[in-house]
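Have the sequence and the 3D view open side by side while reading. The text below moves from the interior of the protein to its open spaces.

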Amino acid sequence: RGSAVNQDGASNGLTAPNGPAQQRVIRQALANARLTPADVDAVEAHGTGTTLGDPIEAQALLATYGQNRETPLWLGSIKSNIGHTQAAAGVAGIIKMVQAMRHGLLPKTLHVDAPSRHVDWEAGAVSLLTEPVSWPELGEDRPRRSAVSSFGISGTNAHVILEAVAPAEVEPAVADGPIPWVLSGRTERALRDQAARLAEHLAEHPELDAVRVGHALANARTHFSHRATVIGHSREELLDRVSALAAGQATGNLVSGVATGEGKIAFLLTGQGSQQAGMGSDLYRTQPVFAEALDEVCAVLDPHLERPLKDVMFTDADALNDTRYTQPAIFAFQIALHRLLAHHGITADYYAGHSLGEITATHLAGILTLEDAARLVTTRAALMATLPPDGAMTAVTITEEELQPYLTPEVSVAAVNSPTSLVISGRKDAVQALTATLAEAGRKTRPLKVQHGFHSPQMEPVAGLLAEALDGFDYRPPSIPVVCNLTGRLADGDDLRTAAYWTRHLLQPVRFADTLATLSGLGVTTFLELGPDATLTPLASGRHGQAIPTRTHRKPEATTFVTALAQLHTHGRAVTWRFPTTH
């Protein structure tokens, strides 16, 4: 409510207090607060327990607060509880009086055998807190008020007057999606103990809503190395999971581990085939940042399409599988997801895309503007869709060397996803025949749901047209490095930055196994997949480090996204946790 500070000036010693200066600082603080001494109920004294300082301070209080009042001023000092805290003495006194006003109770001052005989206690109405004293509300026009004194050995005097504020009527914050509760400890046992204390505290305080609890846990506490995050949609659901964590029991939607924070992070951008019906609709509904970004990207893509892209993504599964819409939809989803990750403080050290995903990576790295990247995606997809639907692709478990004797002029390697996971592509009848041959030879095969032979000579009829359409693009140096699809190495020279590159990109295989090996060699230990489904995560798992999907068809997408944040946090990545407000 008010404060003041002054300086003793010369006195009879470095630490000797000055009574008149203390009276002046009290009167200055009261004037600053526009109050009279009788308006203050209690004072937290500097009170060091010395025979010199305490009588001087008490006389100053008696001469100011002790005059012209009907009820005595209550006087105490936290130093009786914790000793002298040096530079933090005044802060400790403020904490004590704020808590006293909050709880309506003035605590007892310890070790008071009898009031000091060096003080004339009859000179004013001041009483020591020899016992705890109830501090009732005094009415709307008379809130609880207290003052705190703190004096420096340099002769500086400070006085602060505090006034209680009635608690505001707070509506529970409501989240339209999953809520994370983040806990940690120095050891596994400490983590479980923290969960137990949280469960006990919430049982005693049913008024605490799930969102505010989540915000406090994530943003107002130290995060130790042993970490756990429980995820749920309601207070009750989250509390059940916290109780299970405390008891060491298994529970759903729990992420736990030990943070290391070592290594770099790469964003992996998926390609065609990862699309899912309704992709983005849940995040669009629950995450305003995602929704804003998706609207922005669709506004750039829609002029190149016959139908609004967002409608296709959310409501038309058949149209979503049409190449003309599949590729723009994945591109738009990835950019919106990237924006949402940045909103939570997650950024990449490297980008790598798989086929179509490399176009997204090129834009995110700053090589292509959004407008040029949108034109590349939509033109490429439209040209591919003009080809006869007589192509096919099959995933095969085999090494590239073992596959060579089986290849024909009509079938080529479209992707090397791992040393033993390849994709073949080409004319439909030739691919089907080779698939049957490989299956008879004991190889595991899985036909892909496509109508064209991507990354094969089947794309040659449209390669020249694509090169013409890309004439005049404004290619820029990357702001974040990209590992190239076609070489599996860091992009260099003309990689990603010429029409000729994107023509080769249509025809040549994706060297994703080499891409992962390069990223590992660059110190990447976390691979975060941005796409509608977890198609690259299995390829990056295991020897390459930690692989995390941000969306999967097996879980609601908002839950998967929060789980991804929890996994990043648990392993030591710095996450900026965001929570909805009450509005």
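The paragraphs that follow take up the cores, one strand residue, one helix and two pockets.

This is a predicted model, in which local features need pLDDT of at least 70 and side-chain atom pairs count only at pLDDT 80 or more, while totals for chains, interfaces and linings use all residues. Residues are numbered from 1 along each chain as its sequence is written, and side-chain values use heavy atoms, with hydrogens and water left out.

Begin with the interior. The largest nonpolar core has 119 residues; such a core is a set of buried Ala, Val, Leu, Ile, Met, Phe, Trp, Tyr and Cys residues joined through side-chain atoms within 4.5 Å, where buried means under 20% relative accessible area, computed with a 1.4 Å probe on protein chains only. Helix H12 contributes the most to this core, 11 residues; helices are DSSP runs of H or I with at least four residues, strands are E runs of at least two, and both are numbered from the N terminus. Trp181, Phe267 and Tyr351 have the most contacts inside the core. Beyond its neighbours within four places in sequence, Phe267 is in contact (heavy atoms within 4.5 Å) with residues including His338, Leu341, Tyr351 and Leu528. A second, separate core of 20 residues includes Leu30, Tyr65, Leu73 and Leu75.

Val396 is found in strand S14. Val396 counts as buried because its relative accessibility is 2%. Its contacts outside the neighbours within four places in sequence include Thr420, Leu422, Ile424 and Leu438.

Helix H18 spans residues 499-507, and its buried residues are Ala499, Tyr501, Trp502, Thr503, His505 and Leu506. These buried residues pack against helices H13, H14 and H17.

Turn now to the open spaces. The largest pocket holds about 1,000 Å³ of space. On a 1 Å grid over the protein atoms alone, a pocket is an open set of points where a 1.4 Å probe fits, with protein on both sides within 12 Å along at least five of seven lines, and lining residues have an atom within 4 Å of a point. Of its 37 lining residues, Gln272, Gly273, Ser274, Arg446 and Leu448 are the closest to the centre of the largest pocket. Elements giving two or more residues to this lining include H12, H14 and S14.

The second largest pocket holds about 610 Å³. Its lining has 28 residues, with Gly49, Asp54, Val112, Ser116 and Leu128 nearest the centre. Helix H2 gives the most to that lining, 5 residues.

Terms used:
Grid points are joined across faces, edges and corners, and a volume is the space filled by probe spheres set on the points. Buried means under 20% relative accessible area, exposed over 50%, partly exposed in between (1.4 Å probe, protein chains only).
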